Amino acid sequence: MEKESRRLVNCATLPICLVLISLVYATFFHSNDTILESWGNLSSEKINIDAVDPQEFLLRRLVRGDDRVQLDSNGFSCRADVHAQVCVANKPVRIYNKGLTVYVQSDSDQPQVKRIVKPYARLEDETAMKRVSPVQILHGKNTIDPPACNFAHNVTAVVFSSKGFTGNVFHEFNEIIIPLFITTRHFRSRVRFVITDFELWWVQKYNRCLSHLSAYEVINPGTDDGSVHCFPGAVIGLTYHDNLALNSTDIPGGYSMFDFKQFLKESYNLKINHVSEIQKPMLMLISRRKTRRFLNEDKMVEMIMELGFQITRVEPEWMYNLDEFAEVVNSCSVMLGAHGAGLTNEIFLPTGAVMVQVVPLQNEWVATTYYGGPAKEMGVRYLEYKIEPEESSLFDTYGKDHPVFTDPKSIISKGYNAFRSVYLDQDLKINLERFKKTLIEAKQIVESSTPIN
């Protein structure tokens, strides 16, 4: 009877079950977060409380199916999909700075296996992955002893790269920050980040996110000083779901985009929860200076103000200081911009706000996939304005009878570089009367929006 009472899913009565869960939760996490957030769906597993190591339990939550069986049997498992490689070790590991080598302790007599992992979630993109350094993982019976520890840590290591397509805010969130949240949030800051291809500017830019996911200073293994860091376990690589997206059914704790936005609010101390808290509609216009520029931007600004909006016009350099820029975005009712990375900042908009994306010719798929689709999960209303051929600089450059207009597939079929040189490099001269309808709709949405209790 006593043995059975220790199984979380076999509690005899609901009150006893709740008490046991609360005690386990308090022991492992010492957190103010809710039990459901920390543990997710426990009903699918039978867990012996006395036999569970907190780190082992949390690492185990990162894998499923055969990968979990493998982790349970030998303390190490790896998986790969089209986007990312992720390896998990619940055995002691040693990370050797020189050569970026991870030694995973093994209790078996199996021959040593070498794996090469590039810990960046853009595996399908050859250009991005060329910029990411490989991490060598050695697991199995050692033919030679691994190097001795210089630094011993008592929390899990999480190894990832800060290279790839960093420098572009979309890719910074899409391939690092959101996957990092997915992978580590349930550890409750009891992890230490080992950042390969270390970029100091990137670490400084996202310091608030990093410090809210880990209570420890990051480690730069690229010093090549030959030092060895030892950890009780490790995750090499980050879990990726989709463009600016979280699949709550595949995350320990069941986190959603709503939870990620709450995390950002806490990290950046954002004050506005719902767009109805903004007294007079504020519109942010993202002004581009190289491609997809608004050629009649000043006229657009005049019309926006005539419609009753306050307006703030921002340029790319404003976005470098994310600590300040996140607060500016959070104070806006509407974000307006041509398709491009700057629209990623919709993630800081308050619930009920509107994002208006101006879609250049032949950019419909990327516009919807990267920004339009994710907006709904963020609690942001999405509107788009698709330009007509006459509103594109391509019209004057090529003429209406050119294949750019009459047979765009012939251009796109030549590959990404051909597509980019034509359709991503166009500028836009907006038809103000036609565009006015979209702005009026955006204003009506924010003025009638009310929070849902």
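The following legends describe close-up views of one predicted model.

**Figure 1. Overview of the predicted chain.** The chain holds 18 helices and 16 strands. Of its 453 residues, 52% count as buried. The accessible surface comes to about 21400 Å², and carbon and sulfur atoms account for 50% of this area. Among contacts between residues at least 6 apart in sequence, 73% join residues at least 24 apart.

**Figure 2. Confidence along the chain, with residues 1-51 in view.** The mean pLDDT of the chain is 89, and 88% of the residues reach 70 or more. Over residues 1-51, pLDDT stays under 50. For this stretch the model has 64 contacts beyond four places in sequence.

**Figure 3. An open sheet of 5 strands with parallel pairing.** The order of the strands is 13-12-14-15-16. Strand 13 (residues 310-314) and strand 16 (residues 381-386) each have a single partner strand, so one side of each is left without a neighbour in the sheet. From one strand to the next, the twist averages 20°. Strand 15, formed by residues 354-359, runs parallel to strand 16 and is joined to it by 6 bridges. Within this pair, V356 has L383 of strand 16 as its bridge partner.

**Figure 4. Helix 11 lying across three strands of the chain, strand 12, strand 13 and strand 14.** Helix 11 comprises residues 297-306. Strand 12 covers residues 282-286, and strand 14 covers residues 334-338. The helix runs at about 155° to strand 13.

**Figure 5. The loop between helix 11 and strand 13, with L307.** L307 has its place in this loop. Although L307 and I440 are 133 residues apart along the chain, their C-alpha atoms are separated by 7.4 Å. Leaving aside residues up to four places away in sequence, L307 touches K436, L439, I440 and K443.

**Figure 6. The buried residues of helix 12 (residues 322-330).** Which residues of helix 12 are buried? They are L322, F325, A326, V329 and N330. These residues cover an arc of only 140° around the axis, which puts them on the same side of helix 12. An α-helix has 3.6 residues a turn, so residues three or four places apart point the same way. The buried residues pack against three other helices and three strands: helix 7 (residues 169-184), helix 8 (residues 200-205), helix 10 (residues 257-268), strand 12, strand 13 and strand 14.

**Figure 7. The two faces of strand 3 (residues 93-96).** V93 and I95 make up the covered face of strand 3, whereas R94 and Y96 make up the uncovered face. In a regular strand the side chains alternate between the two faces of the sheet.

**Figure 8. Strand 3 with its antiparallel partners, strand 4 and strand 10.** Strand 4 consists of residues 101-104 and pairs with strand 3 over 4 bridges. Strand 3 and strand 4 form a hairpin with 4 residues between them. In the turn, G99 has a positive phi of about 85°. Strand 10, which consists of residues 228-231, also pairs with strand 3 over 4 bridges. Which residue of strand 4 stands opposite Y96? It is T101. In strand 10, V228 stands opposite Y96.

Conventions: Residues are numbered from 1 along each chain as its sequence is written. This is a predicted model: local features need pLDDT of at least 70, side-chain atom pairs count only at pLDDT 80 or more; totals for chains, interfaces and linings use all residues. Side-chain values use heavy atoms; hydrogens and water are left out. Two strands pair if DSSP finds at least two bridges between them. Axes are lines fitted to C-alpha atoms, for helices over the stretch in contact, and angles run from 0 to 180 degrees between N-to-C directions. Contact means heavy atoms within 4.5 Å. Buried means under 20% relative accessible area, exposed over 50%, partly exposed in between (1.4 Å probe, protein chains only). Accessible areas come from the Shrake-Rupley method with a 1.4 Å probe; for residues, only the protein chains shown count as cover. pLDDT is the predictor's confidence in each residue, from 0 to 100. The arc is that of the directions from the helix axis to the C-beta atoms.
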